[in-house]
Amino acid sequence: MDKKLYFIGAGGIGMANLVRYYMAHGARVAGYDRAPSELTDALVREGLEFTSTDDHNEIPADLRDPADTLVVYTPAIPADNDILSWFRDNGFTVIKRAALLGRITAHSDGICVAGSHGKTTTSSMIANILRGSEQGCTAFLGGILRNTGSNLVLDEKSRYSVIEADEYDRSFHHLHPWLEVVTSTDPDHLDIYGDEEHYLEAFSIFTSLIRPGGHLLMHTGLKFKPATGRDVTVQTYSGGATGDWHAEDINFGDGEITFTLVGPDGLRIEGLSPGVPVEINIDNAVAAAAAALTAGAAPDDVRRGLASFRGAKRRFEVWNDGKDGSPVLIDDYAHSPNEVRASIESVRKLYPGRHITVIFQPHLYTRTRDFAPDFARALSAADHLVMPEIYPARELPIPGITSHSILDLVEGPQKTYCERKDLLNLIKNSNFDILMTLGAADIDRLLPEMSHILAGKRAVSQ
């Protein structure tokens, strides 16, 4: 195992679990990201030497020898980053995060969860089931598992690695799966893939990586064609009545969802209840249960693991439950049109007849350009829509592409443009019944203050 590592983009959620993994194994670890965050603060407390200054002079002296220091970066880092450029210019081995994850998990039985949406929740559910079973697991998650407060689950004795398999920049092609779950293939990252055909092709290539004797669980109705070997078991699943694994006897009530899991060979497990009771989690729970059972977990492990699952941060996370009469506040990472639609529909079912205000911050100019009409249709299901400016992340502006590219197409609800810097004032001076914050941008950094403001208000149906 590498003993000295420098992580460029250390504050990214997908990098942080690798940082934690190496620190847990006693490695010397330092890193850079462009801004401190709650996550980088946590990593520093755990032992990371961190800088947010893009200056190669900030690199620690003991990590300046290319003979013993491995450099890991995320594709979100610009090519002209000074620290990255210095390492490249001075003969260091520089690899992408995905390549390092592939190295770590190559000799385990990898349970890899991919998809345009649902992968964080599904992989987190699998990890929560397995960590409470005899099988155990090490897990590299794309969100903070609220049960543990970390995006890393570590079990040195387990043969299983649960891995959130990211399709961005074809990262998931570095993995060595024993079992794959493919949750969805709605087109995304067209800045990388160009069109839907090449996006779907990447998933086909991903399935070709499953080792002999392995397994593929894919949601029913997906467009891509698996390219598995003949000795790979291929099964389908859904949260409805179709698929080799599916749900029956679904009931909503008293803030809870219950269902019966139906599987191959007459398997039935009754009375399952996901701890985060939103409709989309029936799909995710069926996939997680199927994967965990295939890995040898017992039905009671599945029952306990699903019921105790508190969710991943930013995945339908309830900040204010409204039980004291204040407005409900829910945050969700939903950043594709189908995710946005499903998130709003779930709230409609959980809180029938209530007035829903959505704050949606678009993430990326390219995603806004490519899917503006689809986002507009999904967001039209809100009663009131508030949109700040686009969060650019790694991108430069595209002429003519703004939040209004979506907002102007929205039909039905009241709609408001409000710059991010003014959102808290808007919330202070407005009344709400249910407030949802959606998107993959950095709006979550405002949630503590939003929650505090709403806790002093009374819920008002508008």
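This tour visits a sheet, a helix pair and two loop residues, in that order. The model is predicted.

**Stop 1: the sheet**

Select the strands β8, β7, β9, β6, β10, β11 and β12. In that order, these 7 strands form an open sheet. The pairing is mixed. Which strands stand at the edges? They are β8, residues 150-153, and β12, residues 233-237. Each has a single partner strand, so one side of each is left without a neighbour in the sheet. Now look at the twist. Neighbouring strands are turned by 20 degrees against each other on average, with direction ignored.

Strands of a sheet pair through backbone hydrogen bonds, either parallel or antiparallel. Show the backbone of β11, residues 215-219, beside β12. This pair runs in the parallel sense, over 5 bridges. For one bridge, pick H219 and then Y237. Y237, in β12, is the bridge partner of H219.

**Stop 2: the helix pair**

Next, select α5, residues 119-131, and α9, residues 299-307. The two helices pack with their axes 8 Å apart. The angle between them is about 125 degrees. That value falls outside 65 to 115 degrees and is not over 145, and α5 and α9 are therefore oblique to each other. The crossing of α5 past α9 is right-handed.

Turn on side chains at the contact. From α5, show M125, N128 and I129. From α9, show D301, V302, G305 and L306. What classes of residue make up this contact? Between α5 and α9 there are 4 nonpolar, 2 polar and 1 charged residues.

**Stop 3: two residues with positive phi**

Go to D169. This residue is in the loop between β9, residues 160-164, and β10, residues 177-182. Both flanking strands belong to the sheet of the opening stop. Phi of D169 is near 55 degrees, a positive value in a residue other than glycine. Is D169 buried or partly exposed? Its relative accessible area is 22%. Buried means under 20%, so D169 counts as partly exposed.

Finish at L364. Its loop lies between β18, residues 356-360, and α11, residues 365-379. Phi of L364 is near 85 degrees, again positive in a residue other than glycine. Show the surface here. L364 has a relative accessible area of 1%, and is therefore buried.

Key. Residues are numbered from 1 along each chain as its sequence is written. This is a predicted model: local features need pLDDT of at least 70, side-chain atom pairs count only at pLDDT 80 or more; totals for chains, interfaces and linings use all residues. Side-chain values use heavy atoms; hydrogens and water are left out. Helices (H or I, at least four residues) and strands (E, at least two) are DSSP runs, numbered from the N terminus. Buried means under 20% relative accessible area, exposed over 50%, partly exposed in between (1.4 Å probe, protein chains only). Two strands pair if DSSP finds at least two bridges between them. Axes are lines fitted to C-alpha atoms, for helices over the stretch in contact, and angles run from 0 to 180 degrees between N-to-C directions. Angles under 35 degrees count as roughly parallel, over 145 as roughly antiparallel, 65 to 115 as roughly perpendicular and the rest as oblique. A crossing is left-handed if the near helix is turned anticlockwise from the far one by less than a right angle, and right-handed if clockwise. Contact means heavy atoms within 4.5 Å. Ala, Val, Leu, Ile, Met, Phe, Trp, Tyr, Cys and Pro count as nonpolar, Asp, Glu, Lys and Arg as charged, and the others, Gly among them, as polar.
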